[in-house]
Structures are given as structure tokens and as C-alpha cells.
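Q: Please take a close look at the paired side chains in one part of this model. I should like a single connected account that also covers how exposed the partners are.

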Amino acid sequence: MKILIFGANGQVGQEFRKLKLDSSFQMTFFGRKELDLLNSNKILDVLIASSPDVIINCAAYTKVDEAETNPKDAFRINAEAVKTLAEGCSKNNIILIHLSTDYIFGGSGEIPFRESDQATPVSIYGKSKLQGEIDIRNQLKRHIILRTSWVFGEFGNNFVKTMLRSGASKNELEIVSDQWGSPTS
């Protein structure tokens, strides 16, 4: 099985690099330098040349706060590039596994969200990720959308690493208590 991983140098993409799969899985990794997702022609060229069975899209504009002042960039990566990817997968019979986010929900409520809950994003980041999900569902039958939250792992910056680092260097931690999450490894 041929698998392409987009966003290979990000937190999740680097975790995929560590996987030890048997030889029936051939994984090829694309970071920003190897494949600029803003170049729709290049995306389609890679799909045709590689002819993968599955694409795992870990690439995203994840600067949540910066998205508010750079909505164009957030939508170009999280929606427009994803739409192109979905169209290419549809034309070439490729399964797409796409990482999304819990930011597609509004954030209010006292119980955990379910996948069937109404998406009501309040941030540009959430709106751009939701548009990507919508475009995938409109373009492609064979897909999986994974909504993650508080992603953590060995690579990159994340809440778990910050807490471990802070806990090791401080006697007391001050942390906001108005947010709830489900860290995703």
C-alpha cells in the first residue's frame, strides 16, 4: 500500500516518520519544501506521479491566534489546498485521511462534543478548518476526517510538553481553569 503523508515536518507528520510498519506499506513524506500545498498544479502532479492508495493530510495552518489577523493564509492552507487535494483524490480514486480540529465547534457547553454536534466555529482557524471538511465531503466519497484536540507528542510545541517543562522548573504553576480538552497523542 502506497501512502503519502503531507505535513511531514509538523508535529503529527514527524510521529508518522517514527512508525515501524511492515514492508507492505510504502510511506512517502512531503513537507512544505517538497510540496507547496498552495500550488494546486503541483499537488495534482504529485498525485498522478505517485499514484498512492491513501493520503494522510497532516498539513495545516495551525497558528490559531495569528489566523485572526491572517485569515487569507488560514483559508488558503486549511480550505483551498484541502479542496484541491480532495478533488485530486476523487479523480484518482485515492482515500484521504484528513486531520481536523475541535475548533470547528463553538467551544461553549458543559459536555464533550460528539461528531454529530452542530459545527459553529467562532474563530478564523475553526472556520477555515470547517470549510476544509465541507470541501472534502463535497468532493470525495472515500475519506476519513479525524477531529483532534490538544495534539501532543515528541515533536513541536504542545500543552503537555509545556506543562512537563514548567513542572520541572517551577514549584507552583498558574494555569487557566476555564478550558477543558482531550489531549490527542
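A: Phe 105 is a convenient place to begin: with a relative accessibility of 6%, this residue counts as buried (buried is under 20% relative accessible area, exposed over 50% and partly exposed in between, with a 1.4 Å probe and protein chains only). The model is a predicted one, in which local features need pLDDT of at least 70 and side-chain atom pairs pLDDT 80 or more, whereas totals for chains, interfaces and linings use all residues. Residues are numbered from 1 along each chain as its sequence is written, and side-chain values rest on heavy atoms, without hydrogens or water.

Across the whole structure, a search finds four aromatic pairs. In one of them, the ring centres of Tyr 103 and Tyr 125 are 5.2 Å apart and the planes stand at 80 degrees, so this pair is edge-to-face (rings of Phe, Tyr and Trp, the last by its six-membered ring, pair if their centres lie within 6.5 Å; planes under 30 degrees apart are stacked, over 60 edge-to-face and the rest tilted). Tyr 103 belongs to the loop between β4 (95–101) and α5 (124–139), while Tyr 125 sits in helix α5, so the contact ties together parts that are 22 residues apart in sequence (helices, H or I of at least four residues, and strands, E of at least two, are DSSP runs numbered from the N terminus). The two tyrosines can be described by accessibility as well: Tyr 103 is partly exposed at 36%, and Tyr 125 is buried, at 7% relative accessible area. The rings of Phe 105 and Phe 113 form another pair, with centres 4.4 Å apart and planes at 5 degrees, so they are stacked. Phe 105 is the buried residue named at the outset, whereas its partner Phe 113 is partly exposed, with a relative accessible area of 36%.

Charged side chains come next. Next to Phe 113 in the numbering, Arg 114 forms a salt bridge with Asp 117, and their closest N and O atoms are 3.4 Å apart (a salt bridge is a side-chain nitrogen of Lys or Arg within 4 Å of a carboxyl oxygen of Asp or Glu). Asp 117 counts as partly exposed, at 22% relative accessibility. The search of the whole structure finds five salt bridges.

A further bridge joins Lys 18 to Glu 154, where the closest N and O atoms are 2.9 Å apart. Lys 18 lies in helix α1 and Glu 154 in the loop between β5 (143–148) and α6 (159–169), so this bridge ties together parts that are 136 residues apart in sequence. Both partners are partly exposed: Lys 18 has a relative accessible area of 38%, and Glu 154 has a relative accessibility of 48%. Beyond helix α1, Leu 21 is found in the loop between α1 (11–18) and β2 (26–30), and this leucine is partly exposed, with 41% relative accessible area.

Helix α5, which holds Tyr 125, also carries a salt bridge between Glu 133 and Arg 137, with the closest N and O atoms 3.4 Å apart. These two residues both lie in helix α5, four residues apart, which is about one turn of the helix. Glu 133 is buried, at 0% relative accessibility, whereas Arg 137 is partly exposed, at 40%. Elsewhere, salt bridges that share partners connect Glu 15, Lys 18 and Glu 154 in one network.
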